[in-house]
Amino acid sequence: MVVRTGRRGAMTGLPCSVLLIAMGAVGVVGAVVVATGNQKGESNPAGYVGLVFMLLLGALGVFLFIANWANRRSRILVDATGLWVENGKLRNVIPWQGLAGVGLYWSRFGRSQKVYSLELFPTGPIDRDDPVLWTLVRDEEPLHPDLPRLRHRLPFPAPCRQELVSAVQRYVPHIWLGESERAEGHVGRPDVKGHRQRTQGRTQ
């Protein structure tokens, strides 16, 4: 089974980012006109506030465009060996035989949307600086006391939920842990600071 997570994200993320960039560009032009007083012959402080806001809006659009473009080839592959994560350049696998459990976390996003992630709990240590998988590592309270804190958290698009759950249950039904609702924003962020410190320590 192949889930093209990058393509799904790019289909919605790229148009939205382009719209933000366009809005920022148009807004900046208008804000400059107001701020420099070209309309009334005097400068307007509100125009400067609008200028800063539009610059931030455009910068956000650029950031989202770069992120979605870089991740457009990302994929999740599931087979009898395990769950493969591919970022467009590199690929690595989380083997089923090295897992103590797999569960599904979800949290609400806004009023009607949900965010999903697979939680993959290992039976042994995790390489927190793996070139492909390090961004998925999370250190949190586990579903059960006999599971480790350190695990891989793999976010995926909501439309892929049933497909991914069925694939996991097909290959490793004996370690499926079910679903659990979490607090909003449960996906969290990678430990970028710790990753850099550990990487630098290895090279010194």
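This briefing walks through the fold, core, salt bridges and ring contacts of the structure above. The model is predicted, so please read every value below as computed from it. The protein chain combines four helices with nine strands, and 37% of its 204 residues count as buried. A search of the whole structure turns up twelve salt bridges, along with one aromatic pair.

**Overall fold**

- Read from the N terminus, the elements follow the order β-α-α-β-β-β-β-β-β-β-α-β-α.
- Among contacts with a separation of 6 or more, 62% join residues that are 24 or more positions apart.
- The accessible surface of the protein chain is about 12,300 Å², and carbon and sulfur atoms contribute 58% of that surface.

**The nonpolar core**

- As general background, nonpolar side chains in soluble globular proteins tend to be buried together.
- Here, the largest nonpolar core is made of 27 residues, and L83, V102 and L118 have the most contacts inside it.
- Strands β2 (75–78), β3 (82–86), β5, β6 and β8 (150–156), together with helix α3 (161–171), each give two or more residues to this core.
- L118 is a good residue to click on: leaving aside residues up to four places away in sequence, its contacts include L83, V102, G103 and L104.
- Also touching L118 are H152, R153, L154 and F156, as well as L164, V168 and W176.

**Salt bridges**

- R108 and E181 join their side chains in a salt bridge, with 3.7 Å from N to O.
- R108 belongs to strand β5 (residues 99–109) and E181 to strand β9 (residues 176–181), so this pair ties together parts that are 73 residues apart in sequence.
- Both partners are partly exposed: R108 has a relative accessibility of 41%, and E181 has a relative accessible area of 45%.
- D191 forms a salt bridge with R128 at 3.8 Å, N to O.
- Because D191 sits in the loop between β9 and α4 (192–203) and R128 in the loop between β6 (113–122) and β7 (137–139), their bridge ties together parts that are 63 residues apart in sequence.
- D191 also meets R198 in a salt bridge, at 3.5 Å from N to O.
- D191 counts as partly exposed at 32% relative accessibility; R128 is partly exposed at 27%, and R198 is partly exposed with a relative accessible area of 27%.
- E119, E140, R151 and R153 are linked to one another in a network of salt bridges. From that network, R153 also appears among the residues that L118 touches.

**Aromatic rings and charges over rings**

- The one aromatic pair consists of Y116 and F156, which are stacked with 6.0 Å centre to centre and 20° between the planes.
- Y116 lies in strand β6 and F156 in strand β8, so the pair ties together parts that are 40 residues apart in sequence.
- Y116 and F156 are both buried, and F156 is also one of the residues that L118 touches.
- The charged end of R91 sits over the ring of W84, 6.0 Å from the ring centre.
- K114 lies over the face of W106, with 4.2 Å to the ring centre.

Key
Residues numbered from 1 in each chain as written. Predicted model: local features only at pLDDT ≥ 70, side-chain atom pairs only at ≥ 80, totals over all residues. Heavy atoms only, no water. Buried < 20%, exposed > 50% of the residue type's maximum accessible area, 1.4 Å probe, protein only. Contact = heavy atoms within 4.5 Å. Areas by Shrake-Rupley, 256 points an atom, 1.4 Å probe, with all protein chains shown as cover. Salt bridge = Lys/Arg side-chain N within 4 Å of Asp/Glu carboxyl O. Core = buried A, V, L, I, M, F, W, Y, C linked by side-chain atoms within 4.5 Å. Phe/Tyr/Trp six-rings, centres within 6.5 Å; stacked < 30°, edge-to-face > 60°. Lys NZ or Arg CZ within 6 Å of the ring centre and 35° of its normal.
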